[in-house]
Each structure stands twice: as structure tokens, then as C-alpha cells.
Amino acid sequence: MFRFLASVCRTTGAVTLAGSMAIPLGLLFGGFIIPRPSMPTLLKWGFWVSPITYGQIGLAVNEFHAPRWQKILSTNTTIGHQTLVDRGLDFNEYFFWISLGSLFGFTLIFNVGFILALTFLNAPGSRAIISSEKLSEIQGSEKLRNTESINDRSKDRGRMVLPFEPVSVVFQDVQYYVETPLEMIERGSSQKKLQLLCDITGAFRPVQHGKTQMNKQY
């Protein structure tokens, strides 16, 4: 029941209010606070629509029809039957199964309602509560960003925009040689070329940066 209420109300305040009302109403009409014989005639319908009613009937009938409650009183009735009469729960033993089936029915109804509520009801919009100082700060920052974007657009009007299609470059087993420096030759090096890169494999991918940032990524 409470999960169904949560799916229908959606907000914390509404769920708290609905749950706070459901608990006393269920206890009131369930026969715990006011026994069924003491209820006004116009409110007795609530006794039969409360899920707590059927739980109480099932427990009471199962308990007070047990052999330990069958001691005869001076009024020619048993203790268990007299207790049930006082609470307005003097039902036959088969009401235990009726109550059990009713509880399963309520469970099915609340679960179906829960699924339908989640399926068709829109999610509530979020509402943030902030101070007036914070609101002014946010509005000021938005105005500053708008001003900066306008200035950037005005600066870019005189620039030439060249078409550019980003491409990716893949290389494998790259060899790179340079001429041997004179200092190394004078020191007795017999190599004509000096190898700087040997079997280098990698790839370049396009990035949304300038030339400096692109070189750093390479």
C-alpha cells in the first residue's frame, strides 16, 4: 500500500502526508481503535475496505476458535466466542480463508496500481530552493558568459575560416635517419647515418585544440 502511495504522490511532502493519513485511517476502520459494533452506521463501509480489517479477522478467527478458548462461561458461551462478539469479529471459521484471499487481492491491486503509476504518471519536476544572494550570483555569472560569447563572436567576424576535414594517421615500423654529426666522425665513428627512430608504430587522431595542444598530444 505504501509503495503504491509513493508511486502516485511522487514527492516527499505528498508521500509523507498520504502515509500519515493512511496509517490512522487504516487502524480506525480496521477495528483496532473503534470496534465494529461501536462504529456509526455511515462509516461501517470503511471496515470492509480497510486491508487491516481482513488481517485482523483472519488472526482473530484462527486464534479464538482454537480449543484452548472453548471453555464454557456462565452465559453458556465460550470465552473465544464472547471475545469475538465483544470486538465485532464473530465470524465463522471459513472467514479465515476469505480474509487470506482478500489480503492476496489487496496485494495484487496495489502492485498493479504501482506498476501503472510508474508507467503513465510523469515524473515530478525538481525544485531547488536557493537564497536570493545565490540567485543573484548565478544570474550575474550568466550575464558575464553571454557578454563574453558576444565579444568572441565579434572578434571572429574579421577572420577567415578555412575548410578542414579531420583525418586520422596510422603508421607502422617507421625508421628515421639523420646525417652523422661531424663531431662523431672526428671521434672515430664509422657510421654514415645516425638512426633516431626504429620500428615506431602509432597513430594520430584529430583533436579539438590548437596547434600547440595538438603537438603536445602527438
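1. The residues M1, F2, I23, L27, F32 and I33 together make up a nonpolar patch on the surface, and their combined accessible area comes to about 550 Å². The coordinates discussed here belong to a predicted model, and the points that follow should be read with that in mind. One member of the patch, F32, lies in the loop that runs between α2 (12-29) and α3 (45-49). With a relative accessible area of 46%, F32 is classed as partly exposed, because that class covers values between the 20% limit for buried and the 50% limit for exposed.

2. On the overall composition, the protein contains 9 helices and 2 strands, and their order along the sequence is α-α-α-α-α-α-α-β-α-β-α. Of the 218 residues in the protein, 18% are buried, where buried stands for a relative accessible area under 20%.

3. Two packed helices are described by the angle between their axes and the distance between the axes. For helix α1 (residues 2-9) and helix α6 (residues 95-120), the angle is about 20 degrees and the axes are 9 Å apart. Since angles under 35 degrees count as roughly parallel, α1 and α6 are described as roughly parallel to each other. The handedness of the crossing between α1 and α6 is left-handed.

4. How many salt bridges does a search of the whole structure find? The search returns 2 salt bridges. In one of them, the side chains of R36 and D90 meet with an N to O distance of 4.0 Å. This pair links distant parts of the chain, given that R36 sits in the loop between α2 and α3 while D90 sits in the loop between α5 and α6, 54 residues apart. A reader who wishes to judge this contact may note that the cut-off for a salt bridge is within 4 Å. R36 is partly exposed at a relative accessible area of 23%, and D90 is likewise classed as partly exposed, with a value of 37%.

5. Another salt bridge joins R68 and E63, whose closest N and O atoms are 2.9 Å apart. Are these two partners buried or exposed? R68 has a relative accessibility of 59% and therefore counts as exposed, whereas E63, with a relative accessible area of 25%, is partly exposed.

6. R36 also features in a pairing of backbone positions, in that the C-alpha atoms of V85 and R36 are separated by 9.9 Å although the two residues are 49 residues apart along the chain. V85 belongs to helix α5 (residues 79-86), and its relative accessibility of 32% places V85 in the partly exposed class.

7. The last point concerns backbone torsions in the strands. Most residues other than glycine have a negative phi. Against that background, D173 has a phi near 55 degrees, which is a positive value in a residue other than glycine. D173 is located in strand β1 (residues 169-179) and, at 45% relative accessibility, counts as partly exposed. A positive phi, of about 55 degrees, is also found at D199, which is not a glycine. D199 has its place in strand β2 (residues 193-204), and its relative accessibility of 46% means that D199 counts as partly exposed.

Technical notes:
Residues numbered from 1 in each chain as written. Predicted model: local features only at pLDDT ≥ 70, side-chain atom pairs only at ≥ 80, totals over all residues. Heavy atoms only, no water. Patch = residues over 30% accessible without salt bridge, like charges linked within 9 Å, V, L, I, M, F, W, Y side chains within 5 Å. Areas by Shrake-Rupley, 256 points an atom, 1.4 Å probe, with all protein chains shown as cover. Helix = DSSP H or I, 4+ residues; strand = E, 2+ residues; numbered from the N terminus. Buried < 20%, exposed > 50% of the residue type's maximum accessible area, 1.4 Å probe, protein only. Axes fitted to C-alpha atoms, helices over the stretch in contact; angles between N-to-C directions. Parallel < 35°, antiparallel > 145°, perpendicular 65-115°, else oblique. Left-handed = near helix turned anticlockwise from the far one by under 90°.
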